[in-house]
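Biologist: Hello! Could you show me the model, so that we can talk through it together?

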Protein chains: 2
Amino acid sequence: MSDLTLSSGLEDYLECIYNNIEHNGSVKAIELSRELNVSRASVTDALHRLAEKKYINYERYGSIEITSKGIEKATEVIGKHTILTKFFEKVLKLSNEEASENACSIEHVITQNAFKKLKDFTQQYAGKND
Amino acid sequence: MSDLTLSSGLEDYLECIYNNIEHNGSVKAIELSRELNVSRASVTDALHRLAEKKYINYERYGSIEITSKGIEKATEVIGKHTILTKFFEKVLKLSNEEASENACSIEHVITQNAFKKLKDFTQQYAGKND
DNA sequence: TATAATTGTTAGTTTTGTCTAACAATTATT
DNA sequence: AATAATTGTTAGACAAAACTAACAATTATA
């Protein structure tokens, strides 16, 4: 019985897959390799693990397709990323780069509830200070 | 040449070692095993890795002593933990338990600069709203 | 359409961190 | 002091993620 949850690492792959498909209609392994700074071999491994957990459909030499389960997870993580970045940028006044860097690590570990509160707080705050 | 940086996992061991020594004057492996919910064997491994990186002094069947380097790192992480908990509790109004849970994961990944800004923000905010 | 370049896969290795089970050392109890 | 209980270590497995090097498939180009 395989574990169905995603590690931070696999969430990053999924996020990247989703974003590329959104913007370009498709993704290739070489592109994930470039954007995530990992070897092509590591991408192949990750694609197999994601497929095993049903977040994507993938067969050797085939195209990478994201499943509805994958879309759900990806949008969830990306939503967190967006709000966290906004919080660090608008509330704490960090550069976009550092805001995004922090968002990128925290998005994988923050609890649902904490995120919800942070989201409300950030939106309140941004409303008042814009 | 061994890597001198600490993973999240090893930081947790070090934090636990430091806190126990502070409160009780010493720690035993069994206590770390209990508090961190890992086997005694895993603790032995972790102690060797921490000793190799010079964060603690340790020899088989010997007592666990934290080095000055270890104290520096532990207090840094604990400092982050404290402020992050305060932020989640006082600013976002989470329960102490959930505040601490989030602090526990974020303390290992937040950048120095982001932490500094968050600290200032939290102290400002707490000052105004107490 | 051959050939060359690019992309993807496989096999084998490494590191980190975990586990269990068996054994050794230490500490407590009778 | 001898025995029992607790604590610590070792050995051997396993899983997740990464790597390189060699090879296979695909795509582009001469």
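Modeller: Gladly; for what follows, a polar contact is a pair of N or O atoms within 3.5 Å; within protein, one must be able to donate a hydrogen and the other to accept it, and residues adjacent in sequence count only if both atoms are side-chain atoms. This is a predicted model, where local features need pLDDT of at least 70, side-chain atom pairs count only at pLDDT 80 or more, and totals for chains, interfaces and linings use all residues. Side-chain values use heavy atoms, with hydrogens and water left out.

Biologist: Which side chain has a polar atom 2.8 Å from a base nitrogen of DNA strand D?

Modeller: Side chains reach phosphate oxygens of DNA strand D too: an N or O atom of Ser42(A) is 2.4 Å from one, and an N or O atom of Thr44(B) is 3.0 Å from one. The base nitrogen, at 2.8 Å, is approached by a polar side-chain atom of Arg40(B).

Biologist: What percentage of the atoms of DNA strand D that come within 4 Å of the protein do sugar and phosphate account for?

Modeller: Around DNA strand D there are 21 residues (a residue is near if one of its heavy atoms lies within 4 Å). Among those that come nearest are Ser7(A) and Tyr58(B). Of the strand's atoms within 4 Å of the protein, the sugar and phosphate share is 68%.

Biologist: How are the two copies, chain A and chain B, related?

Modeller: Superposed by least squares on the C-alpha atoms of residues with pLDDT of at least 70 in both, chain B lies on chain A with an RMSD of 0.1 Å. That takes a turn of 180° and a shift of 0.0 Å along the axis. The copies are therefore related as by a two-fold rotation axis.

Note on methods:
Residues are numbered from 1 along each chain as its sequence is written. Chains are lettered from A and ligands numbered from 1 in the order in which they are written.
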